[in-house]
Amino acid sequence: MSQTFEGNMVWHEGKMVPYEKAAVPLMSHTLHYGTGAFEGIRAYKTKNGPAIFRAQEHFERLVDSVKAFGGTLNFSPEQMIQGAIEVIRANRFEECYLRPIAYLDDSNRGLKLPPAPKFLISMVAWNWGKYLGDDAQKLGIRVKTSSFRRADVSSSLPAAKITGAYLTSVLARKEANDNGADEGLLLDAHGHVAEGSGENLFAVKNGKLFTPHTMSILPGITRQSVVEMCQSLGLSVEEKNMTRNDLYLADELFFTGTAVEVTPIREVDGRPVGKSAPGPISKKLGELFFSIVEGRNDNFRKWLTLVQG
């Protein structure tokens with residue numbers, strides 16, 4: 001068994017089973033063709049015990065991603081939230097990363113999907129620290145524009161979190177790492193800035209925030225949270241088509257996402273961003289974000305689902 005899943009207990013089609021028993025068929029359609037959907041969710045340590053960040057929104061999006069295939073799940077978002085709570089309790093995590101994944105069994109051969117396919121679901125959890133390194137949020141990261149493009153909206157389902165769609169992200173991340181950068185940045189089919197390999201992007205210029213249109217990106221839950229956080233601070237956020245030129249002239253850049261949380265960017269394509277260090281707005285939003293997820297901010301307490309509650 002991989003040491004990654006140190007807790008070992010998995011929520012598998014509504015039942016708690018050991019990790020090594022939660023098997024997926026070798027001929028699963030999802031394994032061969034990428035016809036699966038998943039979520040990334042974090043539970044944070046708070047003074048009241050573990051708390052899941054925006055659980056309802058994550059599981060509703062999982063249901064919607066399955067709908068993109070014309071499929072259904074056996075469980076409602078509320079039932080899956082209870083499953084997430086059971087996983088955290090069974091593994092005795094104080095904080096963790098949750099990965100629910102919806103997949104197809106081995107009843108189909110070839111590319112054809114059955115009408116209204118029934119998806120199965122499993123949920124694992126593990127201790128996952130800072131996605132881009134322990135110093136990423138303090139120092140900022142280096143980003144490189146990828147030669148790979150985010151799939152055009154006519155060739156993809158950008159609002160769905162589909163397993164097969166992440167091959168491009170894997171290649172972009174590898175390309176960036178191979179060239180000495182921490183993360184890759186994808187452009188869309190028209191050359192506009194889209195997103196990171198697994199993150200949404202924000203830019204700051206003259207005190208205003210900008211973020212790419214949702215046309216060719218996954219509209220992230222953390223992204224939407226940051227927009228609402230900005231509103232609470234009196235900061236304006238504009239969605240617009242962005243080019244690399246906008247990034248090169250930005251005062252600040254930062255990524256958002258469940259794994260990456262709020263992570264400043266200090267360099268893009270070899271060019272320093274601002275003073276080549278996290279800027280004041282990035283810092284302020286990062287501080288607010290962690291006050292929320294750690295249960296220290298009553299104004300956003302509705303975003304947390306307490307495991308012990």
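The lining of the largest pocket in this predicted model brings together 17 nonpolar, 15 polar and nine charged residues. Its volume comes to about 740 Å³. A good place to start looking is the centre of the largest pocket, since among its 41 lining residues Phe38, Lys161, Tyr166, Ser197 and Gly198 lie nearest that point. Several elements of the fold take part in this lining: helix 2 (55-67), helix 5 (167-178) and helix 6 (221-233) each supply at least two residues, and so do strand 7 (96-103), strand 11 (193-196) and strand 15 (252-257). Helix 5 gives the most, with four residues.

The second largest pocket holds about 360 Å³ of space. Of the 17 residues that line the second largest pocket, Val24, Ile101, Tyr103, Ser122 and Val124 are found nearest its centre. By class, this lining has twelve nonpolar, four polar and one charged residues. At least two lining residues come from each of helix 1 (29-33), strand 7 and strand 8 (118-126), and strand 7 provides the largest share, three residues. Readers tracing the chain will thus meet strand 7 in the linings of the largest pocket and the second largest pocket.

Away from the pockets as a topic, Asn91 also rewards a visit. Asn91 belongs to helix 3 (residues 77-91). Its relative accessible area is 10%, below the 20% cut-off, so Asn91 is buried. The side chain of Asn91 reaches the backbone oxygen of Met9 at 3.0 Å, and a polar atom of this side chain lies 3.0 Å from the backbone oxygen of Val87.

Conventions: Residues numbered from 1 in each chain as written. Predicted model: local features only at pLDDT ≥ 70, side-chain atom pairs only at ≥ 80, totals over all residues. Heavy atoms only, no water. Buried < 20%, exposed > 50% of the residue type's maximum accessible area, 1.4 Å probe, protein only. Polar contact = N/O pair within 3.5 Å; in protein donor to acceptor, adjacent residues only side chain to side chain. 1 Å grid on protein atoms, 1.4 Å probe; cavity = no way out; pocket = protein on both sides within 12 Å on 5 of 7 lines; lining within 4 Å. Points joined across faces, edges and corners; volume = space filled by probe spheres on them. Nonpolar A, V, L, I, M, F, W, Y, C, P; charged D, E, K, R; others polar.
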